[in-house]
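Biologist: Please choose a single part of this chain and look at it closely. I would like a connected account that also shows me the surroundings of that part.

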Amino acid sequence: MEIRPARASDHPAIVRIILPTIRAGETYALDPGLSEAEAVAYWTGADRETFVAEQDGVVLRTYYLRANQAGGGAHVANCGFMTGAAGRGIGRAMGEHALDRARERGFSAMQFNFVVSTNQHAVKLWRSLGFAEVGRLPGAFRHPGLGVVDALVMFRTL
């Protein structure tokens with residue numbers, strides 16, 4: 001498996017990966033009605049560096065890296081991951097890649113602003129990669145099947 005910067009030619013594969021997650025509305029606070037063009041524009045925006053995990057010429061998963069905030073908060077990285085099925089090690093490999101890339105870019109920490117608490121695969125992965133829960137936002141996410149659930153703020157230094 002190779003993790004590499006996304007190219008414009010990857011956009012159809014990126015859409016294939018991110019749209020089902022966006023439509024499900026279970027892990028991202030994005031409008032489930034985003035069009036394909038809006039979804040790919042969000043994921044590959046000018047303020048972020050987008051990567052894909054590819055194996056045998058097939059794009060399997062994707063993530064982006066950006067500054068969490070502008071100005072005084074620009075030294076902290078933020079990422080978005082869409083990894084799909086758990087248990088294949090792709091999410092971990094992308095998480096490790098993101099941490100390395102953030103260090104290369106000079107970030108001193110990484111923060112996830114809104115990890116849906118019911119997304120146990122993500123919470124477990126981030127904890128195993130050294131992230132700590134530094135905040136809990138009670139009832140901040142309306143899950144389509146579970147109702148109102150908490151969101152977590154997770155952080156680690158680099």
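Modeller: Helices (H or I, at least four residues) and strands (E, at least two) are taken here as DSSP runs, numbered from the N terminus. The model is predicted, so that local features need a pLDDT of at least 70 and side-chain atom pairs count only at pLDDT 80 or more, whereas totals for chains, interfaces and linings use all residues. Residues are numbered from 1 along each chain as its sequence is written, and side-chain values use heavy atoms, with hydrogens and water left out.

Before turning to the part itself, I will set out the whole chain. The protein chain has 4 helices and 7 strands, and from the N terminus on they follow the order β-α-α-β-β-β-α-β-α-β-β. Its radius of gyration, taken over C-alpha atoms, is 15 Å, close to the 15 Å that the globule rule (2.2 Å times the number of residues to the power 0.38) gives for 158 residues, so the chain is as compact as a globular protein of that length. Along the principal axes, the C-alpha atoms fill a box of roughly 40 × 35 × 35 Å. Of the 158 residues, 46% are buried, where buried means under 20% relative accessible area, exposed over 50%, and partly exposed in between, with a 1.4 Å probe and protein chains only. Among contacts (heavy atoms within 4.5 Å) between residues at least 6 apart in sequence, 60% join residues at least 24 apart.

The part I have chosen is helix H4, which spans residues 120–128 and in which Ala122, Val123, Leu125 and Trp126 are buried. These buried residues lie on the same side of H4, because they cover an arc of only 165 degrees around its axis, the arc being that of the directions from the helix axis to the C-beta atoms. On the other side of H4, by contrast, His121 and Lys124 are exposed. The buried residues of H4 pack against four elements that come from separate stretches of the chain, namely strand S4 (76–82), helix H3 (90–104), strand S5 (109–116) and strand S7 (147–157). After H4 comes Gly130, whose phi is positive, near 95 degrees.

A positive phi also appears elsewhere in the chain, in a residue that is not a glycine: Asp56 has a phi of about 55 degrees. Most residues other than glycine have a negative phi. Asp56 sits in the loop between strand S2 (48–55) and strand S3 (58–67), and at a relative accessible area of 78% it is exposed.

Two buried residues in other helices round out the surroundings. Ile18 belongs to helix H1 (residues 11–24) and counts as buried at 0% relative accessibility, while Trp43 belongs to helix H2 (residues 36–43) and is likewise buried, with a relative accessible area of 0%. Leaving aside residues up to four places away in sequence, Ile18 touches Ala39, Val40, Trp43, Thr62 and Met82. With that same exclusion, the contacts of Trp43 include Ile14, Ile18, Tyr28, Thr62, Phe81 and Met82. Met82 falls within strand S4 (76–82), one of the elements against which the buried residues of H4 pack. Finally, Ile18 and Phe81 are 63 residues apart in sequence, yet their C-alpha atoms are 9.1 Å apart in space.
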